[in-house]
Amino acid sequence: MTTTHAEASFAALKEITAAVGLTTAGAEPIRLAENDLWRLPGEVVVRIARVGQEAAAAREVAVARWLAENDVPAVRPLPIEQPVHAGGRTATFWELLPQHRHGTEADLASLLRQLHDLPKPDFPIGKLDPFVRIAERLKSARSVGETDRQWLLGRLADLRGEWEMLPAGRRECVIHGDAWRGNCAVIEAPHRIALLMDFERTSLGIPEWDLTSTAVAHDTFGSLPRDQYDRYCELYGYDVMSWAGYATLRGIRELRLVTFAAQTADQAPQVLNQARYRIDCIRGRRGPRPWGWEAVG
């Protein structure tokens, strides 16, 4: 009998919780995707990393503790020795947030400004690699035709070359790495507070990479109105779309979004049309931006 993702994740959860003296009694899945999130009684969240992400899990905990030391609002790891290795997987333990919602781009701008202004930490944090997993996704995606696959691999090669020749920009700093509004949580009561979350991609890099995520929401997706984008830039203090290297970062972001949709379509056929539409867009078959891309996953 084939084991489902949920069954395999729960089996790993049992070994992980046992390793720290907790139980899976009452455990509930929050999200089972590339990383699996489970809620335990006692307001605890367990984040099970995908295989091969042990270093990233350790970095997430170190970053979250560093942010706490620097008074940047963010999700907090439990005060235990972690990450935890058990059942062939690596996991981290976090405080469960009270009832919350996604933040706005305005919330995100203020948090990113605080993050980018911090001095570099005294622990290894790694360097930004904007191309991580793109080639692997392209080569394995069954939803991508061979002609499109070769074009996309060529686009990847071109963007790598452009990345090496980026014009000068802002000072290198600690960046979030995946800075979209879904990684900003807002708690309304008893006092409104916005927090950063999900530090899997946090590293040293150019702050323009973080800012491009929101620019693409306006420029590529067309989901963020101009007045809200302008407010985001005002609160952060800079408009990345005015930078000469923006088109390259936008191109990399778009290619990442295309390959993510293609990967998702392999498991969720309802995403196939969106994946193919995104490919058509960046291949010039659907006219100019914004393209009205729909959210995937």
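## A tour that starts at Arg65

Select Arg65: its relative accessibility is 32%, so this residue counts as partly exposed, the band between 20% and 50%. Keep in mind as you go that you are looking at a predicted model.

Now colour helix α2, which covers residues 54–69, and you will find Arg65 in it. Which residues does Arg65 touch, once those up to four places away in sequence are set aside? Show Pro77, Leu78, Pro79, Ile80 and Gln82, and you have them. For a longer reach, select Arg170 as well: Arg65 and Arg170 are 105 residues apart along the chain, and their C-alpha atoms are separated by 26 Å.

**Next stop: Lys14**

Go to helix α1, residues 5–19, and pick out Lys14 there. Is Lys14 buried, partly exposed or exposed? Its relative accessible area is 45%, so Lys14 is partly exposed. Add Ala27 to your selection; this residue is 13 places from Lys14 along the chain, with 9.7 Å between the two C-alpha atoms.

**Into the core**

Select Leu67, Leu112, Leu115, Leu152, Leu196, Phe199 and Val240 together. These are the residues with the most contacts inside the largest nonpolar core, which has 69 residues. Stay with Val240 and display what is around it: Glu208, Leu211, Thr212, Ala215, Tyr229 and Tyr246 are in contact with Val240, leaving aside neighbours within four places in sequence. There is also a second, separate core of 14 residues; to find it, select Ala12, Ile16, Leu40 and Ala91, which are among its members.

**Zoom out**

Switch to a cartoon view of the chain. How many helices and strands does the chain have? There are nine helices and ten strands. The radius of gyration is 20 Å, close to the 19 Å that the globule rule gives for 297 residues, so the chain is as compact as a globular protein of that length. If you draw a box along the principal axes, the C-alpha atoms fill roughly 55 × 50 × 35 Å.

Try colouring by burial: 50% of the 297 residues count as buried. Then look at contacts between residues with a separation of 6 or more; 70% of these join residues 24 or more positions apart.

**Last stop: the surface and the charges**

Turn on the surface. The chain exposes about 14400 Å², and carbon and sulfur atoms supply 52% of that area. To finish, colour the charged side chains: 36 are positive and 39 are negative, and the centres of the two sets lie 4 Å apart.

Key: Residues numbered from 1 in each chain as written. Predicted model: local features only at pLDDT ≥ 70, side-chain atom pairs only at ≥ 80, totals over all residues. Heavy atoms only, no water. Core = buried A, V, L, I, M, F, W, Y, C linked by side-chain atoms within 4.5 Å. Buried < 20%, exposed > 50% of the residue type's maximum accessible area, 1.4 Å probe, protein only. Contact = heavy atoms within 4.5 Å. Helix = DSSP H or I, 4+ residues; strand = E, 2+ residues; numbered from the N terminus. Rg over C-alpha atoms; globule rule 2.2 N^0.38 Å. Areas by Shrake-Rupley, 256 points an atom, 1.4 Å probe, with all protein chains shown as cover. Lys, Arg positive; Asp, Glu negative; His and termini not counted. Charge placed at Lys NZ, Arg CZ, Asp CG, Glu CD.
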